[in-house]
Amino acid sequence: MTMEGMAAIVTGGGTGIGAAVVRRLAARGVRCVINYANSRDAAEALAAELANGSIAVQADIADDAQCRALAAAAREAFGRIDLLVNNAGKTKFANHEDLEALTADDFLDIYRLNTIAPFQMIRACAPAMREGPASAVVNIASVAGVFGNGSSVAYAASKGALATMTKSLARVLAPRSESTPSRRAMSAPAGSANG
């Protein structure tokens, strides 16, 4: 499948895994909205490095209105959204054995970015993505969500919830046709053999 001319949004795209995803997409001819919350310099430098029309856009994707504005910015810049990569995430390091190390607010803060924000981004992008012939959403999860390990219980739980949400949304958003009446979802956490 050729990706030349497609447009993508990559959340948390200015640094780390997000920046690597942006570079890989750009190498295949995809123009990207490089979303960042705090890494403005890195995101703008990456857009300049690519020199393919990709742009850096600040948005706190934990806020639904900013998710919708980010999707609108992508449509305004590129006239389409073909790919959404929900990469942005956060954690709080806390030993799993220390049950006092996490508060309810810690859980809510982590869930807001790791689980709710991807849902909000999918919802904001879905109308534009339905217009394209080959749209896709990639949610970056973690093996912590499968095995219940990692930086904290809250992080592992949020990534497990993201994997489950991915399956649920694949069932309702996947294209339907007479030749493909059922919908299947696959989830491969980052770092897994298939991811």
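This report describes the overall make-up of a predicted model, then one of its helices, and then one of its pockets.

## The chain as a whole

The chain of this predicted model holds six helices and five strands, and from the N terminus on these elements follow one another in the order β-α-β-α-β-α-β-α-β-α-α. Of the 195 residues in the chain, 42% are buried. Among the contacts with a separation of 6 or more, 63% join residues that stand 24 or more positions apart.

The accessible surface of the chain amounts to about 10,400 Å², and carbon and sulfur atoms account for 54% of that surface.

## Helix H2 and its two sides

Helix H2 spans residues 40-50, and within it Ala43, Leu46, Ala47 and Leu50 are buried. These four residues lie on the same side of H2, because they cover an arc of only 100° around the axis. In general, an α-helix has 3.6 residues a turn, so residues three or four places apart point the same way. The cover over the buried residues of H2 includes helix H1 (16-27), together with the strands E2 (31-36) and E3 (55-58).

The face of H2 that is turned away from the buried side carries Asp41 and Ala48, both of which are exposed. After H2 comes alanine 51, a residue with a positive phi, near 50°.

## Aspartate 41

Is aspartate 41, a residue of helix H2, buried or exposed? Aspartate 41 counts as exposed because its relative accessibility is 63%, where the cut-off for exposed is over 50%. Along the chain, aspartate 41 and alanine 56 are 15 residues apart, and in the model their C-alpha atoms are separated by 9.4 Å.

## The second largest pocket

The second largest pocket has a volume of about 440 Å³, and 26 residues line it. Those that lie nearest its centre are Gly12, Asn87, Ala88, Gly89 and Leu113. By residue class, the lining of this pocket divides into eleven nonpolar, twelve polar and three charged residues.

Which elements each supply at least two residues of the lining of the second largest pocket? They are H1, E2 and helix H6 (153-173), and the largest share, three residues, comes from H1. Two of these elements also appear in the description of H2 above, since H1 and E2 are included in what covers the buried residues of that helix.

Terms used: Residues numbered from 1 in each chain as written. Predicted model: local features only at pLDDT ≥ 70, side-chain atom pairs only at ≥ 80, totals over all residues. Heavy atoms only, no water. Buried < 20%, exposed > 50% of the residue type's maximum accessible area, 1.4 Å probe, protein only. Arc of directions from axis to C-beta. Contact = heavy atoms within 4.5 Å. 1 Å grid on protein atoms, 1.4 Å probe; cavity = no way out; pocket = protein on both sides within 12 Å on 5 of 7 lines; lining within 4 Å. Points joined across faces, edges and corners; volume = space filled by probe spheres on them. Nonpolar A, V, L, I, M, F, W, Y, C, P; charged D, E, K, R; others polar. Areas by Shrake-Rupley, 256 points an atom, 1.4 Å probe, with all protein chains shown as cover.
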